[in-house]
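Here is a small set of exercises to work through with the model open beside you. Try each task on your own before you read the solution.

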Amino acid sequence: MLGAACAPLPALLRKAAARGAACKLRAQVSSSFATGPRQHDGTFYEFRTYTVKPDKMKSFLELTSKNIHLRTAHSKMVGYWTLELGGLNKVFHIWKYDSFAERTAVRTALTKDQEWQEKYMSQMLPLLVKQENEITYLVPWCELGSPPKDGVYELVTFQMKPGGPAIWGQSFRGAINAHIKTGYTKLIGVFHTEYGLLNRVHALWWNEDPDSRAAGRHYAHEDPRVVAAVRESVQFLESQQNWLLLPTAFSPLK
């Protein structure tokens, strides 16, 4: 028999329904204030930028070309470039990992790889001024692309206002899509920084050559679709940086 203090069954059901509605509302509010879409898998990309001593770039590239196979035996290299415009005496490379556990295992294996250490690291490090890295994810609405043929690349880095993709993601995506629709350039990937300077997005583009890129940009600036999309997204932008990248002979992305 139910005690006198127990509520009638209909009242209990009404309370349970109310609690369920409250939980759903909290979930919706939490989702709306999330910093961005969750990643569907653990795959990430490490961006590495090395500044080379001005008189050592030729030696650095020759040494790397000769020994890079020792490094790619451990994990996948997406691309390797030298900076032509936007920076001097720099190389930029991207490495793909399926998990942080894989990266840890790779880094451990590299420290134990005597051939890599002796033939490359011991000779390479004295050629550098500094090393920088970032951990990035492809944004959920973008897959890693490939170029139709050999060309040049442009890495456009956007420093967005704090708040994450929940704040500026839709406008940013609109601006990217507007540029894609012009047809003058091909998108390789859009990457969102996870470790490094936050609220930073990198867009990697392919062009046939620097002149076709310049002509395409001039055309895009007169396209009303691009102008409207940029005006919408620029309100969330703090700064922007462009690099013109030339693929090395040993880069998978040419």
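## Exercise 1: The surroundings of Thr-182

Leaving aside residues up to four places away in sequence, Thr-182 touches Tyr-219, Ala-220, Asp-223, Arg-225 and Val-226. Keep in mind that the model is a predicted one.

**Task.** Decide whether Thr-182 is buried or exposed, and find which backbone oxygen lies 2.5 Å from a polar atom of its side chain.

**Solution.** Start with the location: Thr-182 belongs to helix α5. Next, take its relative accessible area, which is 14%. The cut-off for buried is under 20%, so Thr-182 is buried. Finally, look for the backbone partner: the oxygen belongs to His-179, and a polar side-chain atom of Thr-182 lies 2.5 Å from it.

## Exercise 2: The two sides of helix α6

**Task.** Work out which residues of α6 (residues 210-220) are buried and which are exposed on the other side.

**Solution.** Begin with the buried set, which consists of Arg-213, Gly-216 and Ala-220. These residues span an arc of only 65° around the axis, so they are on the same side of α6. Now turn to the other side, where Asp-211 and His-218 are exposed. Then ask what the buried residues pack against: the partners are β5 (152-160), α5 (165-182), β7 (200-207), α7 (224-233) and β8. To finish, inspect the N-terminal end of α6, which is capped by Asp-209, with a side-chain oxygen 3.1 Å from the backbone nitrogen of Asp-211.

## Exercise 3: Classifying ring pairs

**Task.** The structure holds 15 aromatic pairs. Classify the pair of Phe-92 and Trp-243, then the pair of Trp-116 and Tyr-120.

**Solution.** For Phe-92 and Trp-243, the ring centres are 5.9 Å apart and the planes stand at 75°. Planes over 60 degrees apart count as edge-to-face, so that is the class of this pair. Phe-92 is in strand β3 (residues 90-97) and Trp-243 in strand β8 (residues 237-247), so the pair ties together parts 151 residues apart in sequence. Both rings belong to buried residues: Phe-92 has 1% relative accessibility, and Trp-243 has 12%.

The pair of Trp-116 and Tyr-120 is stacked, with 4.5 Å from centre to centre and 25° between the planes. These two residues are 4 apart in helix α4 (residues 114-124), so about one helical turn separates them. Both Trp-116 and Tyr-120 are buried.

As an extra step, follow the ring pairs outward: they link Tyr-45, Phe-47, Trp-81, Phe-92, Tyr-153, Phe-191 and Trp-243 into a cluster. A ring can also meet a charge, as at Trp-95, where the charged end of Arg-71 sits over the ring, 4.0 Å from its centre.

## Exercise 4: Mapping the nonpolar cores

**Task.** In the largest nonpolar core, which residues touch the most other members?

**Solution.** A general tendency helps here: in soluble globular proteins, nonpolar side chains tend to be buried together. The largest core has 31 residues, and Phe-92, Val-190, Leu-204 and Leu-245 touch the most other members. Next, trace where the core comes from: β1 (44-52), β2 (76-85), β3, β5, α5, β6 (186-195), β7 and β8 each supply at least two of its residues. Apart from this core lies another, of 24 residues, among them Leu-70, Tyr-80, Val-91 and Leu-127.

Close with the whole protein: buried residues make up 41% of its 254 residues.

Notes: Residues numbered from 1 in each chain as written. Predicted model: local features only at pLDDT ≥ 70, side-chain atom pairs only at ≥ 80, totals over all residues. Heavy atoms only, no water. Phe/Tyr/Trp six-rings, centres within 6.5 Å; stacked < 30°, edge-to-face > 60°. Buried < 20%, exposed > 50% of the residue type's maximum accessible area, 1.4 Å probe, protein only. Lys NZ or Arg CZ within 6 Å of the ring centre and 35° of its normal. Arc of directions from axis to C-beta. Contact = heavy atoms within 4.5 Å. Polar contact = N/O pair within 3.5 Å; in protein donor to acceptor, adjacent residues only side chain to side chain. Core = buried A, V, L, I, M, F, W, Y, C linked by side-chain atoms within 4.5 Å.
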